[in-house]
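Biologist: Thanks for making time today! Could you show me the model and talk me through how its ligand is held?

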Amino acid sequence: MRIGVLTSGGDCPGLNAVIRSVVHRAVVDHGDEVIGFHDGWKGLLEADYRKLDLDAVAGILARGGTILGSSRVQPAHLRDGVERARGHVADLGLDAIIPIGGEGTLKAANLLSQAGLPIVGVPKTIDNDIASTDVTFGFDTAVGVATEALDRLKTTAESHQRVMVVEVMGRHTGWIALHSGMAAGAHAIVVPERPFDIDELTAIVGERFSAGKRFAIVVVAEGAKPKPGSMAFEERGKDIYGHERFAGIGNLLAVELENRLGKEARPVILGHVQRGGTPTAYDRVLATRFGWHAVEAAHRGEFGMLTALRGTEIEMVPLAEATSTLKTVPAERYEEAQTVL
Ligand code: F6P
């Protein structure tokens with residue numbers, strides 16, 4: 001078999017572990033040939049690739065980022081490129097393509113699959129918002145980074161009697177905010193799934209200070225918004241990839257809380273540090289299992305599917321199903337967090 005692999009969309013720790021696993025399983029166990037497209041779908045559309053043998057993937061298991069490079073692609077650009085992609089797949093003699101990516105990448109994968117290309121997807125995102133899999137690799141690493149930051153911020157916040165408003169990633173969903181906030185014992189967690197009431201949030205933080213506590217930590221996901229009309233907030237529209245431009249909710253909240261409480265507040269935007277660096281052991285294992293199962297699915301001819309963690313097992317799920325909804329934080333998970341804050 002000849003397999004093409006690519007990484008697309010925002011990078012995330014564990015991508016290299018998938019690439020390595022695909023190459024090991026395909027080359028060592030099946031005698032396949034593997035090529036890696038550069039910079040995501042762009043590499044497939046431009047037939048820009050290199051051969052991936054065992055040497056090419058040596059030493060990358062623990063390395064963050066992606067050795068193949070990544071990029072985002074505009075949906076219209078990809079739709080226009082379907083025939084070009086089909087031509088390159090035929091010219092290169094590819095029997096399977098394994099795209100590793102998040103929501104946008106998997107939608108593109110579904111489009112190409114419906115056009116008849118032999119696709120087996122692998123889901124990734126630090127946001128953990130892909131509905132069909134219990135967990136995506138990268139999430140555990142991001143939560144670890146955010147939790148360590150929160151732990152560190154507590155000590156400086158206490159020294160200065162400040163409110164720290166820590167903005168974490170999470171475009172549509174608050175999984176990183178929820179898990180890091182619970183793990184670090186934050187005092188308020190603000191997620192996109194539940195527009196917040198600034199009066200309530202001010203009261204929660206204010207009560208802490210009234211009770212004699214010297215600091216407060218608020219974790220907010222970047223995609224969180226106030227209830228309409230409750231606080232000045234301006235939508236910024238979408239970028240060329242169809243992604244919402246954020247208004248900087250961490251900064252806005254810090255200013256608002258400082259003004260309302262008369263306590264110093266500092267915004268801390270964790271940003272891309274959550275996506276960088278070495279993956280945790282959990283993410284390495286999940287990524288490695290996904291790579292292994294993607295190759296097996298390709299050999300069984302199970303195309304138009306993606307790997308998914310269900311409980312402790314890896315299952316194959318139709319791409320169309322996986323891209324139809326996002327996995328949001330359910331109300332009961334949010335409630336659990338409230339009782340321990
Ligand atoms: O989708 C993953 C993600 O890390 C989001 O949490 C974040 O909003 C986005 O990517 C950032 O994208 P970029 O790297 O293009 O700034």
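Modeller: Happy to, and do keep in mind that this is a predicted model. A good place to begin is the side chain of glutamate 222, where an N or O atom is paired with an oxygen atom of the ligand at a distance of 2.5 Å.

Biologist: How much of the ligand's area does the protein bury?

Modeller: Taken alone, the ligand exposes 400 Å². Of that area, the protein buries 76%.

Biologist: Which arginine side chain has an N or O atom 2.8 Å from an oxygen atom of the ligand?

Modeller: Two arginines are worth a look here. For arginine 275, the distance from a side-chain N or O atom to a ligand oxygen is 3.0 Å. The 2.8 Å distance belongs to the side chain of arginine 72.

Biologist: By class, how many charged residues does the shell around the ligand have?

Modeller: Among the surrounding residues are Asp127, Arg171, Ile126, Met169 and Phe246. Sorted by class, the shell has 3 nonpolar and 2 polar residues, and the charged ones number 5.

Biologist: Where does the ligand lie with respect to the domains, and why?

Modeller: The protein is divided into domain 1 (2–138 + 279–322) and domain 2 (139–275). Both domains give residues to the shell around the ligand, so the ligand lies between domain 1 and domain 2.

Biologist: And how far apart are the C-alpha centres of those two domains?

Modeller: The domains do touch: 22 residues of domain 1 are in contact with 16 residues of domain 2. Their C-alpha centres are separated by 33 Å.

Technical notes:
Residues numbered from 1 in each chain as written. Predicted model: local features only at pLDDT ≥ 70, side-chain atom pairs only at ≥ 80, totals over all residues. Heavy atoms only, no water. Near = heavy atom within 4 Å. Polar contact = N/O pair within 3.5 Å; in protein donor to acceptor, adjacent residues only side chain to side chain. Areas by Shrake-Rupley, 256 points an atom, 1.4 Å probe, with all protein chains shown as cover. Nonpolar A, V, L, I, M, F, W, Y, C, P; charged D, E, K, R; others polar. Domains from an automatic or database assignment. Contact = heavy atoms within 4.5 Å.
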